[in-house]
Amino acid sequence: MNTPIPLGSPIVSPTRAHFDTVPQTPFELERSFTHRLHTLTKVTDRVTQSAYLTDADIGFSEGRCLAAVGAFSPLSINDLAARANLDKGQASRAAQALVDQGWVRKAPSPSDRRGVVLTLTATGKKRWDKLQSVIAQRNADILACLNPTERETLSTLLDRLLDHAQTHATPRTAP
């Protein structure tokens, strides 16, 4: 008779007993956490992009960058890329578009001769104020299907997942 392996037991080399006691189910991509998270991100990004254009008259990447500069100013281009979840090239182009619009000021960095520091202009502050209401409404729309207790639970779990991912995630390299 096979003895079931307790949950949480380390398995270095699965034995025949393991395969006899652990039910084998087919992999369902559409039920995987990463697939569902990515799908949710893509769906909400599409609607948010439309809301940014319609309600704040700003493109999606520029809106994300304006929000980052508004919330975390002053920022370098590298800091902007990290805060807006864009690559450095996207962040640099979006920052320049915001500078060209007169919403962001680009000044030489006092600590890095090659770097710049991004801050909001007075016009940019007004645009940021408008964008904040669009962001707040988008968040309310996305979370509308959850009651207050579920929202708080989701927020706590997302904080934990982000902390775990930032602490433990290291990119794998191809062999």
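The following exchange examines a predicted model through questions and answers. Local features in this predicted model need pLDDT of at least 70, side-chain atom pairs count only at pLDDT 80 or more, and totals for chains, interfaces and linings use all residues. Residues are numbered from 1 along each chain as its sequence is written, and side-chain values use heavy atoms, with hydrogens and water left out.

Trainee: In what order do the elements of the protein run from the N terminus on?

Mentor: Helices (H or I, at least four residues) and strands (E, at least two) are DSSP runs, numbered from the N terminus. The protein has seven helices and two strands. Their order is α-α-α-α-α-β-β-α-α.

Trainee: Which helix gives the most to the largest nonpolar core?

Mentor: A nonpolar core is a set of buried Ala, Val, Leu, Ile, Met, Phe, Trp, Tyr and Cys residues joined through side-chain atoms within 4.5 Å; buried means under 20% relative accessible area, exposed over 50%, and partly exposed in between (1.4 Å probe, protein chains only). The largest such core has 27 residues, and Ile58, Leu66, Leu80 and Leu131 have the most contacts inside it. Elements that each supply at least two residues include helix 2 (33-56), helix 5 (88-101) and strand 2 (116-120). The most, six residues, comes from helix 3.

Trainee: Which residues does Leu66 contact, leaving aside its neighbours within four places in sequence?

Mentor: Contact means heavy atoms within 4.5 Å. Leu66 is among the residues with the most contacts inside the largest core. Its partners under this criterion are Ile58, Leu98, Trp103, Val104, Leu120, Gly124, Arg127, Trp128 and Leu131.

Trainee: At roughly what angle do the axes of helix 2 and helix 6 cross?

Mentor: Axes are lines fitted to C-alpha atoms, for helices over the stretch in contact, and angles run from 0 to 180 degrees between N-to-C directions. Residues of helix 2, including Thr44, Ala51 and Asp55, meet residues of helix 6, including Arg127, Val134 and Ile142. The two axes come within 10 Å and cross at roughly 145°.

Trainee: What class of aromatic pair do Tyr52 and Phe60 form?

Mentor: Rings of Phe, Tyr and Trp (its six-membered ring) pair if their centres lie within 6.5 Å; planes under 30 degrees apart count as stacked, over 60 as edge-to-face and the rest as tilted. The structure holds one such pair. Tyr52 and Phe60 lie 5.7 Å centre to centre with 50° between the planes, so the pair is tilted.

Trainee: How far is the charged end of Arg83 from the centre of the Phe72 ring?

Mentor: A charge sits over a ring if NZ of Lys or CZ of Arg is within 6 Å of the ring centre and within 35 degrees of the ring normal. The charged end of Arg83 sits over the ring of Phe72, and its distance from the centre is 3.8 Å.

Trainee: Is Thr54 buried or exposed?

Mentor: Thr54 belongs to helix 2. Its C-alpha atom is separated by 9.8 Å from that of Val134, 80 residues apart along the chain. Because its relative accessibility is 60%, Thr54 counts as exposed.

Trainee: What is the approximate phi of Asn85?

Mentor: Asn85 lies in the loop between helix 4 and helix 5, and at 61% relative accessibility it counts as exposed. Although Asn85 is not a glycine, its phi is positive, at about 55°.

Trainee: What is the approximate omega of the cis peptide bond that joins Ser73 and Pro74?

Mentor: Pro74 is located in the loop between helix 3 and helix 4. The cis bond joining Ser73 to Pro74 has an omega of about -5°.
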